[in-house]
Amino acid sequence: MLSRSADSLFWLGRYTERAANVARGLSVALRMAGLSAQLGAEGDEWRSLLIATGCEPAFFAKHEEASQENVVDFLVRDPDNPTGIISCFAAARHNARSVRTALTVDMWGALNDSWNALRHAEFQGERLPGFLEWVRERVLLFNGAAQDTMLRGEPWLFVQLGTALERADNTARLLDVKHHLLAPAQQATVEYAQWQAILQSVSALRAYHWVYKDRLEPAKIAELLILRPELPRSLTACHGRVLEVLDRIAAGQAGRRGECHRMAGELHARLRYGRIEEILSAGLHEYLTDMIMRTAELGNEIEAFYIRA
Amino acid sequence: MSQSQSQGAPRTPPAAFDELGQGAEIRAAYAAVAAWLERTPPSELEAKRAEAELLFRRVGITFAVYGEGGDPERLIPFDIIPRVLARSEWDRLSAGLSQRVRALNAFLADAYGKQEILKAGVIPASLVTGNEQFRPEMQGFQPPGGVYTHIAGIDLVRTGPDQFYVLEDNARTPSGVSYMLENREAMLRLFPRLLARHRLAPVNRYPEDLLTTLKAAAPDRAGPNPTVVILTPGAFNSAYYEHCFLADEMGVEVVEGADLFVDENVVFMRTTAGPRRVDVIYRRIDDDYLDPRAFRPDSMLGVPGLMAAYRAGNVALCNAPGCGIADDKAIYPFVPQMIRFYLGEDPKLANVPTYLCERDADRAYVLDNLDQLVVKLAQGSGGYGMMIGPHATAAERAEFAARIKARPADYIAQPTLALSTVPTLCANGVAPRHVDLRPFVLSTKDEVRIVPGGLTRVALREGSLVVNSSQGGGTKDTWVLDTDPQDGAVAC
C-alpha cells in the first residue's frame, strides 16, 4: 500500500476515535459538574477535561475562565482547536477522502453523513447530552461499518492501528488526570461519584461489577483500566491490539520488522506482566506519564517505519 | 471538469433544433421518454430530482470550486431526463470520432518527429513550433506504440437532425467520464422501469477499456502485468473525485507527486513495504507541473526526474506531454486537413468555421461582425474569457474589440450556433435547454475504443449556451439505443 494511504488510514482511525473520546470526556464532565453542584463541592471538572485532552494551554490562550459554555465550545466547535469534535471529524473526513478507494461505501457514508449533519448541529445547553450521545453513536457506526465491510488487508490494519493507539493514549490520559482520586484512603462521597465517572467514561462501570463483583475501590479501578485484558479500552487490551496488528502487517510483508515492533512488544509485555500493587506504590502518576510518553514514541516509530521511510 | 464551452443560438431564432421533436412530432428515439414525461406528474419528477441530489451528495460526487466563497464542495446539477441518441446517429459519430483522434495522434507524432505536415505547408509552422503548448522536450522521441493522446474528449454540438459539429478537442487531460458512469448508475436506481423499457448500450465497460488502454501503453520490459497508477494533483483538485473513482474501478493506486520518486531514471512509488516500480502513469496533472526539472521549477505537484525516466523509456505517461498542440484552438481549424493529410480520408465530422484573429482578413471580418460571433481565448478553457456576441452588451463588444486588436493571436472567433435542446427539469417544469456532448475516445497502437454515448452537459439557465460546470451547467445521462437484438440480454 502507498505510504501516504497508510498515513491517512492511520490518522482516520485516530481522529474518529479521538472525536468519540472527547465526547465521552464531555459527557462525564457534564455529569460530574452537575453532581458537584448538588453536593456543594468546588468542581473543576471542565479544567480536568482540558488537561486530559491536552488542550489546557490553547484554551487559556483564548479564554479567561473554564466555564461549561467556553469549554464545550472549545472542545466541540472551535476550528482553532485540532482536538475539537468538529475538527476531528473534518480531519478524519479529509483523510478518508484522500484514501476514498480504500474505504467501503458504508464507512464513507457513516463519516460523510456525520460531517454533513455536524455542520448544522446544535450542541449548547439542553442539547449537549443528546449531541454527545449522537457523536459516540456515529463513531460506533463508523467502527461497525469498518468491522463489517472492510477488506482485511493492510488498509484495515492501519485503521485499527490508529484506533488502538489513540484509545490507549486516551485511557492513560483520562486516568492520569484523576490519579489523585485513586490514591489510597480516598473515600468521600464526591470521590465515589468520581470513580463511577471514570469508569463510565470508558464504558466500564458495568464491566467493573462483572469482573470484581464488589464495590468500587481505587486499586481495582486502576487495575481494570490498566491491566485487565478483557476490558477493550484498558491499556493492556489496546497495546495488545497494537502489537497484534503490527505483527500481522509484518507477516504480510514477509516478516519485515523494525523498531516499532520491538517497542510495541516491550510495552505490551510490561502491561501484561505488570502488577497493580507495584504500580501504585511506585506512583500512579509517574507510571501513567511514562505510558503516555511511550505511546507517543511508539506512534512516532510506526510512522518512521511505514510512512516516512 | 469543464475544459470547453458550447455556445450558440442568437437571442432571436433560428430556433434551436429540439432533440425530442417539435410539437406533436416526437422523434422515434424519444418515444418512450416522451410518453414517460407525459404521464409522470411534475411533483413526482421533482421528488426524483431531490432523491438524485441526495444520492450524489451521499456518494460524495462533488467537484471543488475554491476561492469563490460558499461551500467549496459543490454538486454538479444532475438532470433526471435522459438525452437519447439513436444507434445510427451514434455509429456515424463514433466513426467520425475514431477518425479524428487517429489523425490527432498522427499529427502529434509528426509534429514531434519529421514535421511533414509543416513542410507540406498544410499548417503554418509558426502555429505549431511557436505555440506555447509545443514541448521541445518531446522532439526526437517516440512514446511506446506511437500513441500520444491515449484518452481524448471530443466536444460535439448539434444544430439539426444530421448536423453535428466538433466544437473542441481535448487531447490533454479531459475530465468528466466519472459523471458519465455515475449518471447511468443514478438512473438505474431512480428509474429502473424506464430503463427496462429501453435497450441501451452499456457504459460500464469504460474502466476496463481504460485499463486495457493504459496497459497497452507500457514499455515492453514491463511484461504482461504492468504497474499502473493515476497521478493526481491531490484532494484540492476539482476532478479529484474522478481520479479516485477511476482508480477504484480499475484497481490501481491513485498517487500524488510526493508518492513517487525517480532513481537512476526508474520511477518508484513509496509503499508501506518499500519502493515499488511504476510502469504506466495516467497523469491528471498538466504538463507544466509534471516535473520541476523539465518544466516549471516551482511545481510541488510533480516528480523530479520524471521526464528523464520517460525519455529513457522506463515509464509511460498517458497522455504524453505536449498533446496541447493538438487541441489548441488555433490548430483546431486545421484538423480536417490533418485527416486528409494523414489518413487520405474525408472528415466524417465537421468543424465549426473558425476565424483566427491573428490573420488580417479573419480579424477584419471578426471585428466587423462581433455581434454575430463567439469570441474565445485560443488558450482558454472552462468558459472563462469568452464573449457570445449576440448576448453581449455594446460595451462588452467594444472591450473585446480592443483586446483582439492588442493581442490578436490570443483570440479566435466562430459563428454563434443554435445548439440543440433537450427537455430538462427546471424550476417551472420541463423545458428545452441547450446541450453538448463529450464522448471519450481511448487509443492504443492498434485500436480505438469509444463507449457509446459520453457526457451530456446542459446549460440550465434559460437561453444560456454555456454548459460548463463552472458556469452553472449540469449533466444528463446519455443513452445510445442499442437496437441490435441480443439473445437474453438484459436492457441496461
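What follows walks through the two chains of this predicted model, from overall build to helix packing and the contact between the chains.

Chain A is a helical affair, with 15 helices and zero strands. Its C-alpha atoms fill a box of roughly 60 × 50 × 35 Å along the principal axes. The radius of gyration of chain A is 19 Å, which agrees with the value near 19 Å that a compact globule of 309 residues would have. Of those 309 residues, 48% count as buried. As for how the chain folds back on itself, 71% of the contacts in chain A between residues at least 6 apart in sequence join residues at least 24 apart.

Chain B mixes the two kinds of element, with 15 helices and 25 strands. The radius of gyration here is 22 Å, close to the 23 Å given by the globule rule for 492 residues, so chain B is as compact as a globular protein of that length. Its C-alpha trace spans about 65 × 55 × 50 Å along the principal axes. Buried residues make up 49% of the 492 in chain B. Among contacts in chain B with a separation of 6 or more, 71% come from residues 24 or more positions apart.

Back in chain A, helix 2 (residues 45-52) is mostly covered, with six of its eight residues buried. Those six are E45(A), W46(A), S48(A), L49(A), L50(A) and A52(A), so a charged residue, E45(A), sits in the buried set along with the nonpolar W46(A), L49(A), L50(A) and A52(A). After helix 2 of chain A comes G54(A), which has a positive phi near 75 degrees.

Two helix pairs of chain A are worth a look. In one of them, helix 8 (residues 154-177) packs against helix 15 (residues 284-307) at an angle of about 160 degrees, the axes lying 9 Å apart. That angle makes helix 8 of chain A roughly antiparallel to helix 15 of chain A, the cut-off being anything over 145 degrees. The crossing of this pair is left-handed. On the helix 8 side, the contact is made by L161(A), L165(A), A168(A), D169(A), A172(A), R173(A), L175(A) and D176(A). Helix 15 of chain A answers with H285(A), L288(A), T289(A), M291(A), I292(A), T295(A), L298(A), G299(A) and I302(A). Sorted by class, this contact has 10 nonpolar, four polar and three charged residues.

In the other pair, the axes of helix 6 and helix 7 (residues 128-149) of chain A come within 8 Å and cross at roughly 170 degrees. Helix 6 of chain A is therefore roughly antiparallel to helix 7 of chain A, and this crossing is left-handed. From helix 6 of chain A, D106(A), M107(A), A110(A), L111(A) and S114(A) meet R138(A), L141(A), F142(A), A145(A), A146(A) and T149(A) of helix 7 of chain A. The contact has seven nonpolar, two polar and two charged residues.

Finally, the two chains touch each other through 16 residues from chain A and 16 residues from chain B. On the chain A side, the elements giving two or more residues are helix 1 (3-39), helix 5 (85-98) and helix 6 (105-118). Helix 6 of chain A thus turns up both here and in the packing with helix 7 of chain A. By class, the side of chain A that touches chain B has five nonpolar, six polar and five charged residues.

How values were computed:
Residues numbered from 1 in each chain as written. Chains lettered and ligands numbered in written order. Predicted model: local features only at pLDDT ≥ 70, side-chain atom pairs only at ≥ 80, totals over all residues. Contact = placed C-beta atoms within 7 Å. Helix = DSSP H or I, 4+ residues; strand = E, 2+ residues; numbered from the N terminus. Rg over C-alpha atoms; globule rule 2.2 N^0.38 Å. Buried ≥ 20, exposed ≤ 12 C-beta atoms within 10 Å, placed from the backbone. Axes fitted to C-alpha atoms, helices over the stretch in contact; angles between N-to-C directions. Parallel < 35°, antiparallel > 145°, perpendicular 65-115°, else oblique. Left-handed = near helix turned anticlockwise from the far one by under 90°.
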